Amino acid sequence: MTVRVQRDDFDPGAELDALLAGRKDIGGVVSFVGLVRDFSDDRNVGALTLEHYPGMTEKALAAIEAEALSRFDIQASLIVHRHGRMEPGERIVLVITASAHRGEAFRASEFLIDWLKTRAPFWKSEDTPEGPQWVEARAVDDAATERWS
Amino acid sequence: MKLLYFAWVRERTGVHEETWSLPEGVTTVRGLIGALSERSPGFAHAFADLKQIRAAVNQETAKLDDPVSDADEVAFFPPMTGG
C-alpha cells in the first residue's frame, strides 16, 4: 500500500514486479496507466503541466488508497502520480491493485481512478494554440466519483 | 496564518504562498475569502465566483462554513483535475 508523487517517469512493468515480488496470495492484478493525449475536446494539446499541493497531495492519495482498502478486498496497491510538464504520449499516473480474485482488483482500480480525478489536489494546464489553458473539472468525472458514494 | 493559492487562483491573486494575519472577527473560510477579496482587484477577481473555489484547511478539504484560526494553513484552488 504505497503512494508516490514524483516529477520523473515510471516503469509500469518494474513497478508491477516490485509490488508482486515474493507474493503467493495474489490471483489477479490490474494496472491502469493514464497518458497525456494530444487533443482535448475540440482543441489540440501540445503539452500538459500538472501543478499540485505538496504535502496535501501525499495525504490525499493515502486517504484515497485507504478508502479503497476499506471498500474492496485487495491485498496490495500502488499509486504513482507525476507532476510537472509532460508531452503527449507520456505517462501521468499509475494505479495497481492486486487481489486474490480479479473482481475486487478491477473494481478497486476503477474506484481509485475515479476518486483521483476529483479528490487529489492536482490541476492540469494544457498548452494550446491559443496559449496555456487550465483544464476545467468535468461533470462526467464528478458523476463517476459520486457513483461510489 | 499561512495562505497558499494554486492554479488560476494563484495566477489571479499573483501570490503562491504568504503569511497573513487573520483579521479580527473572521472565523470561517467564507469570512476569510471575503477579507481576502478586499485586498486587491486581483484577489477580488480570483474569488468572484465562489462556485469555482475550493479550499483546504491544514491540508484537508474544507467547506465554506468550516472554522479557520490564525494558526491554520489555508489553501484556495479551483476544482481538482487529477488522474
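**Exercise 1. Find what the buried residues of helix α2 of chain A pack against, and work out how they are arranged on the helix.**

*Solution.* Start with the partners: in this predicted model, the buried residues of α2(A) pack against β1 (2-6), β5 (48-52), β6 (76-82) and α3 (102-119) of chain A, together with β3 (54-57) of chain B.

Next, list the residues themselves. A:Met56, A:Thr57, A:Ala60, A:Leu61, A:Ile64, A:Glu65 and A:Ala68 are the buried ones in α2(A). Now look down the helix axis: these buried residues fall within an arc of 165 degrees, so they line one face of α2(A).

Finally, check the length of the helix. Helix α2 of chain A covers residues 56-71, and at 1.5 Å a residue its 16 residues should span 22 Å. The C-alpha atoms at its ends are 22 Å apart, in agreement with that expectation.

**Exercise 2. Describe the contact between chains A and B, with attention to the side that chain B contributes.**

*Solution.* Begin with the counts: chain A gives 21 residues to the contact and chain B gives 13 residues. On the side of chain B that touches chain A, the elements giving two or more residues are α1 (7-13) and β5 (73-77) of chain B. Then sort that side by class: nine residues are nonpolar, four are polar and none is charged.

**Exercise 3. Lay out the open four-stranded sheet of chain A and identify its edges.**

*Solution.* First, write down the strand order, which is β7-β5-β9-β10 in chain A, with antiparallel pairing. Second, look for strands with a single partner: β7 (84-86) and β10 (131-134) of chain A stand at the edges, so one side of each is left without a neighbour in the sheet. Third, consider the twist: neighbouring strands of this sheet are turned by 25 degrees against each other on average, ignoring direction.

Now zoom in on one pair. Strand β9 (residues 122-128) of chain A runs antiparallel to β10(A), and four bridges join them. In this pairing, A:Thr128 stands opposite A:Gly131 in β10(A).

**Exercise 4. Place A:Phe10 in the fold and decide whether it is buried, partly exposed or exposed.**

*Solution.* Locate the residue first: A:Phe10 sits in the loop between β1 and α1 (12-20) of chain A. Then count its surroundings. There are 17 other C-beta atoms within 10 Å of A:Phe10; being buried takes 20 or more and being exposed 12 or fewer, so A:Phe10 is partly exposed.

Now turn to its contacts. Leaving out residues up to four places away in sequence, A:Phe10 touches A:Glu15, A:Val80, A:Arg91 and A:Leu94. Take A:Arg91 as an example: A:Phe10 and A:Arg91 are 81 residues apart in sequence, yet 7.7 Å apart in space, C-alpha to C-alpha.

Technical notes
Residues numbered from 1 in each chain as written. Chains lettered and ligands numbered in written order. Predicted model: local features only at pLDDT ≥ 70, side-chain atom pairs only at ≥ 80, totals over all residues. Expected span 1.5 Å × (residues − 1). Arc of directions from axis to C-beta. Contact = placed C-beta atoms within 7 Å. Nonpolar A, V, L, I, M, F, W, Y, C, P; charged D, E, K, R; others polar. Pairing = 2+ DSSP bridges. Axes fitted to C-alpha atoms, helices over the stretch in contact; angles between N-to-C directions.
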